[in-house]
Amino acid sequence: MKTLIILFALAAIAYARPEEYYSTQYDDFDVDELVNNIRLLKNYGKCFLSQGPCTPEGNDFKTVIPDAVKTKCVKCSPKQKVLIRKVVRAFQDELPEIWSELVQQEDPKGLYKTEFENFLNGTD
């Protein structure tokens with residue numbers, strides 16, 4: 001009987017567990033190097049827009065962007081949220097034209113705008 005209760009408890013914990021995080025492979029990515037190098041940031045932006053070549057990291061980030069926008073980055077670890085906020089702010093401040101194109105590409109109808117802005121402001 002005790003074993004059955006433990007099994008049900010473990011099943012309940014597993015069922016209630018939040019969604020898995022995105023891969024932590026790039027959690028140590030040097031985001032400061034990216035945001036402090038406008039040429040490099042622009043290249044990543046062009047990659048995300050399919051207007052230029054992508055690094056392996058860029059390709060991986062590119063596959064996550066649509067889901068992250070639609071879900072307010074729910075699968076992002078706390079560290080990934082910090083990194084993404086930093087990169088987005090760099091695009092907004094340094095390359096607003098690329099940021100506008102990314103927004104148009106990922107959320108053309110503005111369905112996720114308010115929620116994603118809340119995420120960016122840390123009010124998610």
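In this predicted model, Asp67 and Lys75 form a salt bridge in which the closest N and O atoms are 3.9 Å apart. That separation still falls inside the cut-off, because a salt bridge requires the nitrogen to be within 4 Å of the carboxyl oxygen. Asp67 is partly exposed, with a relative accessible area of 26%, and Lys75 likewise counts as partly exposed, at 26% relative accessibility.

This pair belongs to a set of three salt bridges. Another is made by the side chains of Lys79 and Asp28, with an N to O distance of 2.8 Å. Lys79 sits in helix α5 (residues 78-94), while Asp28 lies in the loop between α1 (2-16) and α2 (31-35), so this salt bridge ties together parts of the chain that are 51 residues apart in sequence. The two partners fall into separate accessibility classes: Lys79 is partly exposed at 40% relative accessibility, whereas Asp28, at 67%, counts as exposed.

Helix α5 also contributes Lys86, whose partner Asp32 is in helix α2. Their side chains meet in a salt bridge at 2.5 Å, N to O, and the pair links distant parts of the chain, 54 residues apart. Here Lys86 has a relative accessibility of 35% and is partly exposed; Asp32, at 36%, is partly exposed too.

Attention now turns from charged pairs to helix packing. Helix α6 spans residues 96-106, and its buried residues are Ile98, Trp99, Leu102 and Glu106. These four residues cover an arc of only 100 degrees around the axis, which means that they lie on the same side of α6. What does this buried set pack against? The partners are helices α3 (38-48), α4 (56-71), α5 and α7 (113-120). Helix α5 thus appears in both parts of the picture: it carries Lys79 and Lys86, and it is among the helices that the buried residues of α6 pack against.

Helix α7, another of those packing partners, includes Glu115. This glutamate is partly exposed, with a relative accessible area of 37%, in contrast to Glu106 of α6, which is among the buried residues of that helix. Glu115 and Lys72 are 43 residues apart along the chain, and their C-alpha atoms are separated by 6.4 Å.

Notes: Residues numbered from 1 in each chain as written. Predicted model: local features only at pLDDT ≥ 70, side-chain atom pairs only at ≥ 80, totals over all residues. Heavy atoms only, no water. Helix = DSSP H or I, 4+ residues; strand = E, 2+ residues; numbered from the N terminus. Buried < 20%, exposed > 50% of the residue type's maximum accessible area, 1.4 Å probe, protein only. Arc of directions from axis to C-beta. Contact = heavy atoms within 4.5 Å.
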